Amino acid sequence: MSTSPSPASAVVVLAAGSGSRVGAHRDGTPVNKVLLPLLDAPVLAHSVRTALATPGVRRVVVVARPGEEAQVTEALVPHLPADDAAPEVALVTGGATRHASEWAALQVLVPWVAAGEVEVVAIHDGARPLGSVALFSAVLAAAAERGGALPGVPLAGVVTADGQAGPSGLVAVQTPQAFRADVLLAAYDRAAREGFEGTDTASCVEAMAEGVRIAAVPSTSRNLKVTFPEDVALADRLLRHAP
């Protein structure tokens with residue numbers, strides 16, 4: 001078993017999506033899916049608490065939709081540790097796209113990275129509330145060693161448009177996706193200058209940074225993304241019957 005120290009890290013938790021497919025409403029007003037209740041806390045709070053509990057994490061940045069900053073703060077504060085030694089949690093207003101939201105969060109981390117206090121940054125979708133401390137730790141450690149890492153799970157049951165069996169060996173990519181901080185900031189800075197927007201963190205790094213090897217860290221379907229109404233119920237059952 002490796003005894004390497006955990007890398008000094010920061011985690012960005014994205015909460016700026018609309019979650020329109022979940023179809024949740026309160027008093028006739030749509031509700032962001034990451035603010036829905038899940039067992040003892042909002043969906044978003046589960047990811048933030050996991051990030052805070054991960055060894056080596058020194059700072060957590062939560063990205064909120066414009067206009068939802070107060071709602072996100074209200075949802076999170078009761079579930080944050082009271083310990084003064086806990087990592088600091090910052091709130092940032094996101095942009096119109098996932099890429100813009102990630103870039104807004106990364107700019108907050110620039111002073112920490114420049115000072116050498118953050119070596120690796122992970123970006124996680126707040127709609128994935130069941131990611132474990134073990135998964136976060138494995139992804140961060142792999143990124144520190146290899147330059148980048150992301151969780152993946154074998155994708156089964158894929159068929160083509162004409163009903164034929166799809167290719168074997170396909171992998172579904174999840175979050176958190178982590179990269180060495182200097183590489184990640186350089187990639188997003190170049191993307192900003194060139195007007196490039198990636199579909200996720202890895203796509204931006206692959207397009208804007210040369211020679212970065214991205215390791216695949218084994219994950220499971222338990223690290224689900226809340227997308228449809230039934231996903232909230234499934235996540236609840238999984239949490240209640242966690243080993």
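**Figure 1. The aromatic pair of the predicted model****.** This predicted model holds one aromatic pair. The partners are Trp 103 and Tyr 188, with ring centres 6.4 Å apart. Their planes meet at 25 degrees, so the pair counts as stacked; the cut-off for stacking is under 30 degrees. The pair links distant parts of the chain. Trp 103 belongs to helix 3 (residues 98-114). Tyr 188 belongs to helix 5 (residues 181-194). The two positions are 85 residues apart. Both Trp 103 and Tyr 188 are buried.

**Figure 2. The largest nonpolar core****.** This core has 40 residues. Leu 44, Val 48, Val 60 and Val 62 touch the most other members. Helices and strands both contribute. Among the helices, helix 1, helix 2 (69-76), helix 4 (133-146) and helix 7 (229-240) each supply at least two residues. Among the strands, strand 1 (9-15), strand 6 (57-64), strand 8 (120-125) and strand 12 (213-218) each do so as well. Another core, of 29 residues, lies apart from this one. Its members include Ala 16, Phe 179, Tyr 188 and Ala 191. Tyr 188 is also a partner in the stacked pair of Figure 1.

**Figure 3. Surroundings of Val 62****.** Residues up to four places away in sequence are left out of this view's contact list. Val 62 touches Val 13 and Ala 15. Val 62 also touches Leu 44 and Val 48, and both of these are named with Val 62 among the residues that touch the most other core members. Further contacts of Val 62 are Val 72 and Leu 76. Val 89, Ala 90, Leu 91 and Val 92 complete the list.

**Figure 4. His 46 in helix 1****.** Helix 1 spans residues 43-53 and includes His 46. His 46 has a relative accessibility of 7%, so this residue counts as buried; the cut-off is under 20%. Setting aside neighbours within four places in sequence, His 46 contacts Leu 38, Asp 40 and Ala 41. Pro 129 and Leu 239 are also in contact with His 46.

**Figure 5. Leu 39 and the Arg 49–Asp 40 salt bridge****.** Leu 39 sits in the loop between strand 4 (37-38) and strand 5 (41-42). Its phi is near 60 degrees, a positive value in a residue other than glycine. Most residues other than glycine have a negative phi. Leu 39 is partly exposed, at 41% relative accessibility. Asp 40 forms a salt bridge with Arg 49, at 3.2 Å from N to O. Asp 40 is partly exposed, with a relative accessible area of 45%. Arg 49 is partly exposed too, at 28%. Asp 40 is also one of the contacts of His 46.

**Figure 6. The cis peptide bond before Pro 176****.** The bond from Thr 175 to Pro 176 is cis. Its omega is near 15 degrees. Most peptide bonds are trans. Pro 176 lies in the loop between strand 10 (171-173) and strand 11 (177-180).

**Figure 7. The Arg 240–Asp 236 salt bridge and a salt-bridge network****.** The structure holds nine salt bridges. One joins the side chains of Arg 240 and Asp 236, at 2.6 Å from N to O. Both residues lie in helix 7, four residues apart, about one turn of the helix. Arg 240 is exposed, with a relative accessible area of 55%. Asp 236 is buried, with a relative accessible area of 19%. Elsewhere, salt bridges that share partners join Arg 98, Glu 102, Asp 125 and Lys 225 into one network.

**Figure 8. The Asp 125–Lys 225 salt bridge****.** The closest N and O atoms of Asp 125 and Lys 225 are 3.2 Å apart. This pair links distant parts of the chain, 100 residues apart. Asp 125 is in strand 8. Lys 225 is in the loop between strand 12 and helix 7. Asp 125 is buried, at 9% relative accessibility. Lys 225 is partly exposed, at 33%.

**Figure 9. The whole chain, for orientation****.** The protein chain has seven helices and twelve strands. Of its 243 residues, 47% are buried. Of the contacts with a separation of 6 or more, 73% join residues 24 or more positions apart. The chain exposes about 11900 Å². Carbon and sulfur atoms supply 54% of that area.

How values were computed
Residues are numbered from 1 along each chain as its sequence is written. This is a predicted model: local features need pLDDT of at least 70, side-chain atom pairs count only at pLDDT 80 or more; totals for chains, interfaces and linings use all residues. Side-chain values use heavy atoms; hydrogens and water are left out. Buried means under 20% relative accessible area, exposed over 50%, partly exposed in between (1.4 Å probe, protein chains only). Contact means heavy atoms within 4.5 Å. Rings of Phe, Tyr and Trp (its six-membered ring) pair if their centres lie within 6.5 Å; planes under 30 degrees apart count as stacked, over 60 as edge-to-face and the rest as tilted. Accessible areas come from the Shrake-Rupley method with a 1.4 Å probe; for residues, only the protein chains shown count as cover. A nonpolar core is a set of buried Ala, Val, Leu, Ile, Met, Phe, Trp, Tyr and Cys residues joined through side-chain atoms within 4.5 Å. A salt bridge is a side-chain nitrogen of Lys or Arg within 4 Å of a carboxyl oxygen of Asp or Glu.
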